[in-house]
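The exercises below concern strands, helix packing and local backbone features. Work through each task on the model before reading its solution.

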Amino acid sequence: MSDDHIHQASHGCAICQAAAPDTANPGNADGLGRRAMLAALAGGSAAAMLPASAMARAARPARQRRGPLILEPSWTLIWRDGKADLLRDHSVVIEGDSIARIVKGRIAGTDERLAMPGQMLMPGLISAHTHTACGSPTRGLIESGGRSYGRPLQIMETLDDADLDALTAYNLAELLRGGCTTQVEQAVSLKQAQSYVRVARRWGVRGFPGGMVPGWARLMPIWLRKDDKVLFDSVAETLAEIDANLAFAMSINGAEGGLIRPMMTPHGPETQTPETLRAVAKAARQLGNGIHTHLATNAGDSARIQKLWGKGPVQWIDEFGFYEQRLFGAHMTGWDVGSDAAFLAKKPLFTYAHCPSGAGAGSGQANQPYIEALGAGINSAIGVDTHSNDMVENMKLALLYGRARHGQIAKTSPVPVKRPTVTDMIQSATLNPANGLGRQDLGRIAVGAKADLTSIDLSGFLTGPGFAPPEPLNNLLYANGLSVRNVMTGGRLQLRDGRLVVDDEADVIMRGGAVVQKIWRQLMDEGWFA
């Protein structure tokens, strides 16, 4: 079945929903030296074609810091009694992987320090739903209708490890550039999950990864089936995938001092049976880090599940113990708002992952029920999904879409809705996902918390007035990922003054771009752009 017929284009994530461009001119798509570059990449590993010196630089880790590090922002965002509070001109002292002190004013002495004038120091941003490697190969190609992301992702599954890691690194670097220190990662296959872990371990990124089951190579015939026999015939292979993902997860659980904590990541209830859902729940209990899935992605999927099993997806998975452990559910455009909102509000281990740019920029993800989830008191978080790796932009979209929807439906909604505040926006990218992960040491700036931190310049062109603004939370609405200046995870700087420091930034861009060129050349040869 062609992947060009993936559901309606405006209700889910890039991996859960199709959206696509139309008549873009492929001759302008790949920029510099198209003919020579694409011809050079026609065969072999794109990453392997780079000079050996470039490969060596790309693999070399950044210097590890020794001794305390003092951060000196203009503003520091903390949580006080569950509400955002701002500290002006405080120093934050990092020792090891944690926050040791928060001190008013500047600290004298010779300890290493990082001045952050005009910047607000925030908890490291947490994306509650990502498919990391899938961003750049489809970005700019699928936004206007007519093309599915499906075929580029199929080609990705044929890449060797060097090319796949180069692609993963490019996209993970973008996530860091956008202030995201932690990803709840649903890689679209075990192969991509392994690539994510290889790069994340090298760079000190905090991840909760898993390989989607069914993986991309098997997913589409099951998900887009016209006959449910396809689903029932898939059970044995799906169980084998669950076992393989569990084995890999157990082998790296707690790696890098606890930075890597894999989860079980079924694609969604629409591609599962009772037997496979029981197997997922059992594997997740053994692993101990929870489950991450697409949930009620669109109305068509939900109707199919209702017809097959007598319940909608949100309440059907309760039969298999999914809500008895930590569960992240993405999208929910197809939920039954009248009954599911109250149902989920009573599930303390559930986190809703809202993905406002899912299916690509301009695809219209405003219909995801962020304001209904907030109104019901459901723990709500924000995810980049894929295509966009800019967490700051996705935070803004969540707020702006939410306010627009509130104006449209507040008087007619069958359930309470909440007009999101800037604090709701920030909390959904920090405190809420951290709580959903059961991590009281993440998502907050406090003594003893992990030093997962992001600083954003809110003073300069386009975001501020030329100096540290008096109400910086509002200035976030004018920022984007390029406003992020410094990022650290567990006390290790990964971005310093806007540049990647855990790897050679130019090489990461060059190698990742070369792989996308290779994928696009194959798409051109297949006539995919026509």
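**Exercise 1. Describe the open sheet of 3 strands and its edges.**

Solution. The strand order is 6-7-8, and the pairing is parallel. Strands (E, at least two residues) and helices (H or I, at least four) are DSSP runs, numbered from the N terminus. Two strands pair if DSSP finds at least two bridges between them. Strand 6 (125-130) and strand 8 (206-211) each have a single partner strand, so one side of each lacks a neighbour in the sheet. On average, neighbouring strands here are turned by 10° against each other, direction ignored. Strand 7 (residues 180-187) is joined to strand 8 by 6 bridges, and the two run parallel. One pair to check is Q183, whose bridge partner in strand 8 is G207.

The model is predicted: local features need pLDDT of at least 70, side-chain atom pairs count only at pLDDT 80 or more, and totals for chains, interfaces and linings use all residues. Residues are numbered from 1 along each chain as its sequence is written, and side-chain values use heavy atoms, with hydrogens and water left out.

**Exercise 2. Which peptide bond is cis, and where is P214 placed?**

Solution. The bond joining V213 and P214 is cis, with omega about -5°. P214 belongs to the loop between strand 8 and helix 6 (216-223).

**Exercise 3. Analyse the sheet with the order 9-10-11-12.**

Solution. This open sheet has 4 strands with parallel pairing. Its edge strands, strand 9 (291-295) and strand 12 (380-382), each pair on one side only. The average turn between neighbouring strands is 30°, direction ignored. Between strand 9 and strand 10 (residues 327-331), which run parallel, there are 5 bridges. T293 has G329 in strand 10 as its bridge partner. Strand 10 also holds H331. The phi of H331 is near 90°, a positive value in a residue other than glycine.

**Exercise 4. Characterise the packing of helix 8 against helix 5 and helix 10.**

Solution. Two packed helices are described by the angle between their axes and the distance between the axes. Axes are lines fitted to C-alpha atoms, for helices over the stretch in contact, and angles run from 0 to 180 degrees between N-to-C directions.

Step 1: helix 5 (residues 190-203) packs on helix 8 at an angle of about 10°, with the axes 11 Å apart. Helix 5 is therefore roughly parallel to helix 8, a label for angles under 35 degrees.

Step 2: L190, A193, Q194, V197 and R201 in helix 5 meet A244, N245, F248 and I252 in helix 8, where contact means heavy atoms within 4.5 Å. By class, this contact has 6 nonpolar, 2 polar and 1 charged residues. Nonpolar covers Ala, Val, Leu, Ile, Met, Phe, Trp, Tyr, Cys and Pro; charged covers Asp, Glu, Lys and Arg; the others, Gly among them, are polar.

Step 3: the axes of helix 8 (residues 235-252) and helix 10 (residues 274-287) come within 10 Å and cross at roughly 10°. These helices are therefore roughly parallel to each other. On the helix 8 side the contact includes V235, L239, I242 and L246; on the helix 10 side it includes T276, A279, V280 and A283. The classes are 10 nonpolar, 3 polar and 1 charged residues.

**Exercise 5. What caps the N-terminal end of helix 19, and what follows the helix?**

Solution. D504 is the cap: a side-chain oxygen lies 3.2 Å from the backbone nitrogen of A506. After helix 19 comes G527, with a positive phi near 75°.

Definitions and conventions:
Parallel < 35°, antiparallel > 145°, perpendicular 65-115°, else oblique. Polar contact = N/O pair within 3.5 Å; in protein donor to acceptor, adjacent residues only side chain to side chain.
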